[in-house]
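Me: I'd like to go through this one term by term, asking what earns each label. Can you show me what we're looking at?

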Amino acid sequence: MARKVNPIQDRLRRAALEKAAYLAIYERGYAGVTLADIAAHAGVSRGTLVYHFGSRAGLLAAVMRRFSRTIAVATRRAVRLSDTPEGKLRAYVDNQFYGLVNTRRFYTVSLDFLAAATRDADLMTMQRAFLAESLAVDLELARLTGRVGAEGRARLLRAIVEGLSVRFLADPEPDLAVYRADCMTGLRAVLGWPDDAA
């Protein structure tokens, strides 16, 4: 007799497995992580991972979708909950540099994923979907100074965040406050706002 699956418990289980895989990717790297590594991290058998995700590729794709979407949704929510343009900008920056550990993990895994996507069409499709979702949030900010030229400003906003994220990863002792301040300065310049630090 087939075992009945509780859909809520199944979703929670998958989410826990995806989180364990995310942490394993951070520790081992996208290319180097194996199902055995992830299973050990999650405290489950490799068979459990195969049952839920079908393969290593299926699991890693699910991880990237979940965590990319989580960042995009959290950022969009924070921006929309802010009442003022300045508050929206600050919420956006705070979500791009969200704690030392979280920021290091996210950008490490994200860059590792991007590197792998340059050689894998399916991964690149997911990467482009993430960029499109990010661009939607970037566009909301870019439109704070008008609709004309907003798409170009949105690309520049994203470029500043991505550039600072690479520098953050290379920095042996990053100061989150400095990265947030630099990001605010750069984004304000793109939006044509005076720098509040001046």
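Reply: Helices (H or I, at least four residues) and strands (E, at least two) are DSSP runs, numbered from the N terminus. This is a predicted model, so local features need pLDDT of at least 70, side-chain atom pairs count only at pLDDT 80 or more, and totals for chains, interfaces and linings use all residues. Residues are numbered from 1 along each chain as its sequence is written, and side-chain values use heavy atoms, with hydrogens and water left out.

Me: What makes up residues 34-53, helix or strand?

Reply: Helix, at 80%, against 0% strand, with the end C-alpha atoms 14 Å apart. That stretch carries the UniProt annotation "DNA-binding region", from an unreviewed entry. UniProt positions are given in the numbering used here, feature names are shortened, and annotations may be inferred rather than shown by experiment. Another annotation from an unreviewed entry, "domain: HTH tetR-type", covers residues 11-71. Over residues 11-71 the chain is 82% helix and 0% strand, with 19 Å between the end C-alpha atoms.

Me: And how many helices and strands does the chain have?

Reply: There are 9 helices and 0 strands, so by the DSSP-run definition no stretch here qualifies as a strand. In sequence order the pattern reads α-α-α-α-α-α-α-α-α. The C-alpha trace spans about 65 × 35 × 30 Å along its principal axes.

Me: Why is Glu18 called buried?

Reply: Buried means under 20% relative accessible area, exposed over 50%, and partly exposed in between (1.4 Å probe, protein chains only). Glu18 has 5%, so it counts as buried. Of the 198 residues in the chain, 40% get that label.

Me: What is the side chain of Glu18 paired with, and what makes the pair a salt bridge?

Reply: A salt bridge is a side-chain nitrogen of Lys or Arg within 4 Å of a carboxyl oxygen of Asp or Glu. Glu18 and Arg66 meet at 2.1 Å, N to O, so the pair passes. Arg66 in helix H4 (residues 56-81) and Glu18 in helix H1 (residues 7-28) are 48 residues apart, so this pair links distant parts of the chain. Arg66 has 33% relative accessibility, which means partly exposed. Arg14 joins Glu18 and Arg66 in a network of salt bridges, and the whole structure has 9 salt bridges.

Me: How do you know that Glu140 and Arg76 also qualify?

Reply: Their N to O distance is 3.9 Å, so the pair is within the 4 Å cut-off. Glu140 lies in helix H7 and Arg76 in helix H4, so the bridge ties together parts 64 residues apart in sequence. Arg76 counts as buried at 17%, while Glu140 is partly exposed at 25%.

Me: What about Arg80 and Glu140: what is the distance there?

Reply: It's 2.7 Å, N to O, and the two side chains form a salt bridge. Arg80 lies in helix H4 and Glu140 in helix H7, so this pair ties together parts 60 residues apart. Arg80 has a relative accessible area of 53%, so it gets the label exposed.

Me: What makes a set of residues a nonpolar core?

Reply: They must be buried Ala, Val, Leu, Ile, Met, Phe, Trp, Tyr and Cys residues joined through side-chain atoms within 4.5 Å. The largest such core here has 52 residues, and Ile38, Leu49 and Tyr92 are among those with the most contacts inside it. Contact means heavy atoms within 4.5 Å. Leaving out residues up to four places away in sequence, Ile38 touches Ala21, Ala24, Val33, Leu49, Leu59 and Leu60.

Me: And why is Val166 allowed into a surface patch?

Reply: Patches are made of residues with over 30% relative accessible area and no salt bridge; like charges are joined within 9 Å, nonpolar side chains (Val, Leu, Ile, Met, Phe, Trp, Tyr) within 5 Å. Val166 is partly exposed at 42%, so it clears the 30% bar. Val166 sits in helix H8 (residues 150-170). Together with Leu111 and Leu114, Val166 forms a nonpolar patch of about 210 Å² accessible area. Accessible areas come from the Shrake-Rupley method with a 1.4 Å probe; for residues, only the protein chains shown count as cover.

Me: Last one: is Leu144 buried, exposed or partly exposed?

Reply: Partly exposed, because its relative accessible area is 29%. Leu144 is in the loop between helix H7 (121-142) and H8. Beyond its neighbours within four places, Leu144 contacts Pro85, Lys88 and Trp193.
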